[in-house]
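Hi everyone, thanks for making time. I'd like to walk you through a structure that's new to most of you, and I'll stick to its open spaces and what sits in them.

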Amino acid sequence: MKARVFSGVQPSGNLHIGNYLGALKNWVKMQHNYESIFCIVDLHAITVYQPPDELRSKIKEIAALFLAAGIDPKHSSVMVQSAVPGHTELAWMLTCVTPVGWLERMTQYKAKAAAQETVGDGLLQYPVLMASDILLYQANIVPVGDDQAQHLELTRDIAQRFNSLYGETFVMPETKLPAVGARIMGLDEPEKKMSKSAPGSGHAVALLDPPDVVRKKIMRATTDSNPAVDFSTMGPGVRNLLAIFQAFTEWPDEKMRAHFTGMRYGDLKKQVAEVVIEHIEPLQKRYQEITCEPGYLEGVLREGAERVRPIAESTVELVKQRMGLYTRS
Ligand code: AQP
């Protein structure tokens, strides 16, 4: 039996090259060797306010981008989190075994809570819901970007705590980070990770940005006071541009050094922009085709949810049995 992969993306903001290089690109590579479930995690998105109409259309946009990036719905289940009630059912049961102190220590919670006047309980509970997404499907492998590594560790802690309280129930999921591109940084602020919710217009390259916008954003990226690439003294901005190039092209380190050492920053930026465009243009073309086909996306999402629902239901039933809750059988 194939090992199971689970991963997700929030339908909030515009999907960017960080999401692609940190997560989607890896999913596409892995999908044929595993039983894969790729989820649009809409319940996570509402931990901060989303205008309902925008959220509705973002769910479809993200689903279309999964497919445009190369996820094959014949092999992989593409589904929306809120279409399977087991995610929230299991989240409550896991909430009851999770110490609040574990959640308050999460760096993403601390950063997002600090940026808000009123902190919703959902923001604190976010990692429990994420644990439930993964454990619901007894996933073996979770391919994510580096920013999610701490949440994955917490998922294992929660699973371990549940298993030790109620007996072996959950598979221990493994985190899978890409070798290059696990943390793409903001173009304008290379000390911060590229993020969908960052305000700056030059912060992130969105997967649906047209070529002239991609060029403009990359040409304006923050570098440092050196005139040209020097691998031993380069700052975070140049390191980030090189990481973007390498993550797209998969060039080995030696080839990167030989090609870029001594290159002036203007030329480096031009080459990075062209590589990004070369990779995202075919994705954008497929995106247009997918979104023009009436009913296609809806069918993929319906089928995806139907395929995974029995797995979710059997985990919830098992957890209920373990905890002594009321069960059907
Ligand atoms: N900068 C990044 N570099 C590499 N991987 C990244 N990911 C996110 N940012 C980077 C990975 O993309 C997947 C989906 O992310 P998400 O939408 O579920 O959550 P996120 O990490 O919260 O994404 P953002 O872009 O930072 O959105 P906001 O600003 O809304 O919080 C995950 O696998 C993530 O690791």
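I'll start with the ligand, then go through the pockets, and finish with the cavity.

One thing to keep in mind throughout: this is a predicted model.

Okay, the ligand. Where does it sit? It's in the largest pocket. Around it you'll find 24 residues, and the closest of those are D147, K193, S195, K196 and S197.

Let's look at a few individual contacts. D147 has a polar side-chain atom 2.4 Å from an oxygen atom of the ligand. Then there's Q148, where an N or O atom in the side chain is 3.3 Å from a ligand oxygen. With G18 we're talking about the backbone instead: a polar backbone atom there is 3.1 Å from a nitrogen atom of the ligand. And how much of the ligand does the protein cover? On its own the ligand has 630 Å² of accessible area, and the protein covers 97% of that.

So who builds that shell? Three elements each bring at least two residues to it: β1, which is 4-9, α1, which is 17-30, and α6, at 107-114. The top contributor is α1, with four residues. If you sort the shell by class, you get 13 polar residues, six nonpolar and five charged.

Now let's step back to the pocket itself. The largest pocket holds about 1300 Å³ of space. It's lined by 48 residues, and Q108, K112, D147, K193 and S195 are the closest to its centre. You'll recognise D147, K193 and S195 from the list of residues closest to the ligand. As for elements, β1, α1 and α6 turn up again with at least two lining residues each, and so do α7, at 121-136, and α8, at 149-166. The lining splits into 22 polar, 18 nonpolar and eight charged residues.

Next up, the second largest pocket. How much space lies in it? About 340 Å³. Here 19 residues do the lining, with V180, R239, L242, A243 and Q246 nearest the centre. Two elements give two or more residues to that lining, namely α10, at 236-249, and α11, at 253-260. The largest share comes from α10, which puts in six residues. By class, this lining has 12 nonpolar residues, three polar and four charged.

Last stop, the cavity. In general, rolling a probe the size of a water molecule over the atoms shows where empty space is left. How many cavities of 30 Å³ or more does the structure hold? Just one. The volume of the largest cavity is about 70 Å³. Its lining is made of T47, Q108, Y109, K112, L123, Y126, P127 and H151. The elements giving two or more residues there are α6 and α7. By class, that's four nonpolar, three polar and one charged.

Before I stop, look at Q108 and K112 once more. Both line this cavity, and both are among the residues closest to the centre of the largest pocket. If you open the model yourselves, that's a good place to begin looking around. Thanks, and I'm happy to take questions.

Note on methods: Residues are numbered from 1 along each chain as its sequence is written. This is a predicted model: local features need pLDDT of at least 70, side-chain atom pairs count only at pLDDT 80 or more; totals for chains, interfaces and linings use all residues. Side-chain values use heavy atoms; hydrogens and water are left out. A residue is near a molecule or strand if one of its heavy atoms lies within 4 Å of it. A polar contact is a pair of N or O atoms within 3.5 Å; within protein, one must be able to donate a hydrogen and the other to accept it, and residues adjacent in sequence count only if both atoms are side-chain atoms. Accessible areas come from the Shrake-Rupley method with a 1.4 Å probe; for residues, only the protein chains shown count as cover. On a 1 Å grid over the protein atoms alone, a cavity is a set of points where a 1.4 Å probe fits but cannot get out, and a pocket is an open set with protein on both sides within 12 Å along at least five of seven lines; lining residues have an atom within 4 Å of a point. A molecule sits in a cavity or pocket if more than half of its atoms lie within 2 Å of its grid points. Ala, Val, Leu, Ile, Met, Phe, Trp, Tyr, Cys and Pro count as nonpolar, Asp, Glu, Lys and Arg as charged, and the others, Gly among them, as polar. Grid points are joined across faces, edges and corners, and a volume is the space filled by probe spheres set on the points.
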